[in-house]
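Open the model in your viewer and keep the selection tool at hand. This tour goes from stop to stop, saying what to pick and what is there.

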Amino acid sequence: MSAFSSSVQSLYVHVPFCAAKCEYCAFFSELSSGEQMNRFVDALIREMELVAPSLKPRTIFFGGGTPSLLSLAQWRRVLEAMEKVLQQFLGLDDTDYQVHIDVDNFRETRSVRLRALAGQLATLSKDLDKAITIAGMNEFERRVVHRALSDAGDIETDSHGYGTFRKIRLQPN
């Protein structure tokens, strides 16, 4: 067992590819090249398989460079390898971990838009004096809408339905 295994809570994986090299950046990075990125993914997968039995981080963060330069096919290979490692070496099944991907600050951008939408729909619901239902949203999106309207004394929100994409209902008081 590695001497680091009990102390590693978070793991940073540096994806060393950039669309352009910034003058101020001190991180190692290279301009992206398809073949070089494939070799990086191959090496990353081998490294995961080698260190997985001794490292059990609760969080793995991919940074860089620009991780979004990896193709969807390359990310698929990485995530499938991570799933295999989590199941084989750490004894976790797919209910024991979550994968969150945030490329180019997508979550914050989406949050801003959802808060604006929540406000607009709350106003419409009050103007019509009628409940409005927002079609299926994932857990993150529902949480943003509920929080955006939580302090509004004149509108109530609740989630209903089944599965990952439950609906949200806005009801004027």
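Select glutamine 74 and serine 71 to begin. The side chain of glutamine 74 reaches the backbone nitrogen of serine 71, at 2.7 Å. Bear in mind that this is a predicted model. Now colour helix H2, residues 72-88; glutamine 74 lies in that helix. Is glutamine 74 buried or exposed? Its relative accessible area is 6%, and buried means under 20%, so glutamine 74 counts as buried. Next, show what surrounds it. Leaving out residues up to four places away in sequence, glutamine 74 touches Gly34, Met37, Asn38, Val41 and Leu69.

**Step back: the whole chain**

Zoom out and switch to a cartoon view. The protein has four helices and seven strands. Trace the chain along the sequence, and the pattern reads β-β-β-α-β-α-α-β-α-β-β. Turn on the surface. About 11,600 Å² is exposed, and carbon and sulfur atoms supply 53% of that area. Of the protein's 173 residues, 28% count as buried. Now think about contacts between residues at least 6 apart in sequence: 62% of them join residues at least 24 apart.

**The first core**

Select Leu44, Met48, Phe62 and Val78. These residues have the most contacts inside the largest nonpolar core, which has 17 residues. Which elements give two or more residues to this core? They are S1, H1 and H2. H1 provides the largest share, with six residues. Pick leucine 44 and show its partners. Beyond its neighbours within four places in sequence, leucine 44 is in contact with Val13, Phe62 and Val78.

**The second core**

Another core lies apart from that one. This core has 13 residues, including Ala122, Val144, Ile168 and Leu170. Select those four to find the place.

**Helix H4**

Stay with Val144 and select helix H4, residues 139-149. Buried residues in H4 are Phe140, Glu141, Arg142, Val144, Val145 and Leu149. What covers them? The cover includes helix H3 (106-128) and strands S5 (132-137), S6 (155-160) and S7 (166-172). Move to the N-terminal end of H4, which asparagine 138 caps. A side-chain oxygen of asparagine 138 lies 3.1 Å from the backbone nitrogen of phenylalanine 140. Keep phenylalanine 140 selected and add arginine 107. Arginine 107 lies over the face of the phenylalanine 140 ring, at 4.0 Å from the ring centre.

**Last stop: aromatic pairs**

How many aromatic pairs does a search of the whole structure find? The search finds three. Select tyrosine 12 and phenylalanine 61, a stacked pair with 5.8 Å centre to centre and 20 degrees between the planes. The pair links distant parts of the chain: tyrosine 12 is in strand S1 (residues 10-15) and phenylalanine 61 in strand S4 (residues 59-64), 49 residues apart. Tyrosine 12 has 41% relative accessibility, which lies between the 20% and 50% limits, so it counts as partly exposed.

Now select phenylalanine 17 and phenylalanine 40. This pair is edge-to-face, with 5.6 Å centre to centre and 85 degrees between the planes. Phenylalanine 17 sits in strand S2 (residues 17-18) and phenylalanine 40 in helix H1 (residues 34-51), 23 residues apart. Both phenylalanine 17 and phenylalanine 40 are buried.

Terms used. Residues numbered from 1 in each chain as written. Predicted model: local features only at pLDDT ≥ 70, side-chain atom pairs only at ≥ 80, totals over all residues. Heavy atoms only, no water. Buried < 20%, exposed > 50% of the residue type's maximum accessible area, 1.4 Å probe, protein only. Polar contact = N/O pair within 3.5 Å; in protein donor to acceptor, adjacent residues only side chain to side chain. Contact = heavy atoms within 4.5 Å. Areas by Shrake-Rupley, 256 points an atom, 1.4 Å probe, with all protein chains shown as cover. Phe/Tyr/Trp six-rings, centres within 6.5 Å; stacked < 30°, edge-to-face > 60°. Lys NZ or Arg CZ within 6 Å of the ring centre and 35° of its normal. Core = buried A, V, L, I, M, F, W, Y, C linked by side-chain atoms within 4.5 Å.
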